Number of protein chains: 2
Amino acid sequence: MNRSFTIPSMTDHTFMLVFNSVSLTFIALVATTLFLLINHVRVLPKYRQSIVILALVNFIAAYFYWKISGSLRSAYTSNTKFDESFRYLDWILTVPLLLTALVKSLGLPRKKRLELIYRLVPSALAMIILGYIGDETVGTGHKLVFWSLSCIPFIYILYVLFIQLTRALDQQISSVVLLVSRVRILVTATWTVYPVVYLMPLLDYNGETAFALRQCGYSLADAAAKCAFSLVIYRLARLNSANDSPEFAEREGLND
Amino acid sequence: MNRSFTIPSMTDHTFMLVFNSVSLTFIALVATTLFLLINHVRVLPKYRQSIVILALVNFIAAYFYWKISGSLRSAYTSNTKFDESFRYLDWILTVPLLLTALVKSLGLPRKKRLELIYRLVPSALAMIILGYIGDETVGTGHKLVFWSLSCIPFIYILYVLFIQLTRALDQQISSVVLLVSRVRILVTATWTVYPVVYLMPLLDYNGETAFALRQCGYSLADAAAKCAFSLVIYRLARLNSANDSPEFAEREGLND
């Protein structure tokens, strides 16, 4: 895997913008990891796996942001190549885990859970691998072909989340259904940033602008798709826990 | 985001003063993080989130103080630029979290809590972003315009804390009301330091004095607004826990 390239020459101002967006996402990921590790015991045992998985997602992403930050700094100061493959290594691990955590937080029967995971995880892998191949190929035409191919599993994931998940949720109470629909909107909104940002180097921007838009876009999308997503899933798991056990709701003060 | 600049030439004495104020705040933040992590289980579950959020606030701030400390040292010894944007990255994450933790520690019903958070968090973001733009613009006139604009959400935050919060607290017992009024005085006193310190480079000081006053001022204000504030909120959450549950008060020896 090799997505290393010489970064375009840019002003200190642009570099700091990119670098700070990476730093901000890094510390947000670390803080979210800590939050989830501390609080994973504050949901019923059946939802704990979901929160632990999300803690690991944030931890893994934080590690790769640490590497990106170092690679970015040395690419700028000593003209070494910037290694963007860290982003793909991150996604190939974390995106399937994110979807698994989402499904596990819903409190569905095991059979339905597995059914959803078997659809979502292979699609996520296909989406990322096709995106990676597109980034690796040379020529705008080829890149656009792989971009379009990568959008197919993405649209399939949205189909599963919007259509099949709704069917699976027909026996849940309304506050859960409401929160799940918010999760779907969050996933749709934040995940759509990736294919848009992906196209930046293909648009008619100069190298500096395209690079900055792409890196800042990925960083902010990662912060939303990992940190904000994790916190919504935590809230969902708390809500499901309170619904499953009135005693839990009482103890945790979730009744007011 | 870029607030990097060459620091003014200064004596070793002045540099050490600035550097030590940063080191002092750094270790106070780390110690407060540990204190809150250890003690977050010593309040009732409904107040725990507030203490965990404060632990993360201190953790995030400690991370940025670590970066500030490194940037300051290399700016002094090897003439690289000092990067002040770490302060803004810190505030943009921690100030909304501080206000959220304060509201969550009061034991208000969920509806009132959300009402306060929806007013306080956007105001805090507006305050910091306007302050940042002011720091970025060139010319005393422009800086003063953004300084004034940034004071508007600050005054609104104080209005919410002093007027609306008092109404929300009308059913609380007197010891809680007393502690909340102390929290408000602490917030007003420490947060007022920021707009004052902000003006330092605009006053007729020489570069060295202005730089030192500004950096020491921010460091000490951060120690008060994060460490001291967190400890008062912890005390408030303990008091509320004891009021809610006589059993908890007995167990924790809070009746004497």
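Let's start on the surface of this predicted model, where Tyr156(A), Tyr159(A), Phe162(A) and Ile163(A) make a nonpolar patch of about 330 Å². Patches here are built from residues with over 30% relative accessible area and no salt bridge, with nonpolar side chains (Val, Leu, Ile, Met, Phe, Trp, Tyr) joined within 5 Å and like charges within 9 Å. The areas come from the Shrake-Rupley method with a 1.4 Å probe, and for residues only the protein chains shown count as cover. One member of the patch, Tyr159(A), sits in helix α5 (residues 140-168) of chain A; helices (H or I, at least four residues) and strands (E, at least two) are DSSP runs numbered from the N terminus. Tyr159(A) is partly exposed, at a relative accessible area of 37%, where buried means under 20%, exposed over 50%, and partly exposed in between (1.4 Å probe, protein chains only).

A few ground rules help with reading on: residues are numbered from 1 along each chain as its sequence is written, while chains are lettered from A and ligands numbered from 1 in the order in which they are written. Local features need pLDDT of at least 70, side-chain atom pairs count only at pLDDT 80 or more, totals for chains, interfaces and linings use all residues, and side-chain values use heavy atoms, leaving out hydrogens and water.

Now step inside. The largest nonpolar core has 110 residues, and those touching the most other members are Leu72(A), Val95(A), Ile157(A), Trp191(A), Phe229(A) and Leu72(B). Such a core is a set of buried Ala, Val, Leu, Ile, Met, Phe, Trp, Tyr and Cys residues joined through side-chain atoms within 4.5 Å. Apart from this core lies another, of 55 residues, including Phe154(B) and Val197(B). Back in chain A, Ile157(A) touches Leu99(A), Leu120(A), Ser123(A), Ala124(A), Met127(A) and Trp191(A), not counting residues up to four places away in sequence; contact means heavy atoms within 4.5 Å.

Trp191(A) is also among the buried residues of α6(A), along with Val183(A), Val187(A) and Tyr194(A). The buried residues of this helix pack against α3 (85-104), α4 (110-136), α5 and α7 (207-244) of chain A. Helix α6 itself (residues 174-198) has 25 residues and reaches 37 Å from its first C-alpha to its last, close to the 36 Å expected, the expected span being 1.5 Å times one less than the number of residues. Helix α2 (residues 45-78) of chain A, with 34 residues, reaches 50 Å, close to the 50 Å expected. Just after α2(A), Asn79(A) takes a positive phi of about 65 degrees.

Finally, look at the charges. Side chains of opposite charge can pair when their charged atoms come close. Counting a side-chain nitrogen of Lys or Arg within 4 Å of a carboxyl oxygen of Asp or Glu as a salt bridge, there are 17 over all chains. Lys81(B) forms one with Asp12(A), their closest N and O atoms 3.8 Å apart. This pair crosses between chains, from the loop between α2 and β2 (82-83) of chain B to helix α1 (residues 12-39) of chain A.

Arg214(A) and Asp135(A) form another, at 2.7 Å between the closest N and O atoms. Arg214(A) lies in helix α7 and Asp135(A) in helix α4 of chain A, so the pair ties together parts that are 79 residues apart in sequence. Both Arg214(A) and Asp135(A) are buried.
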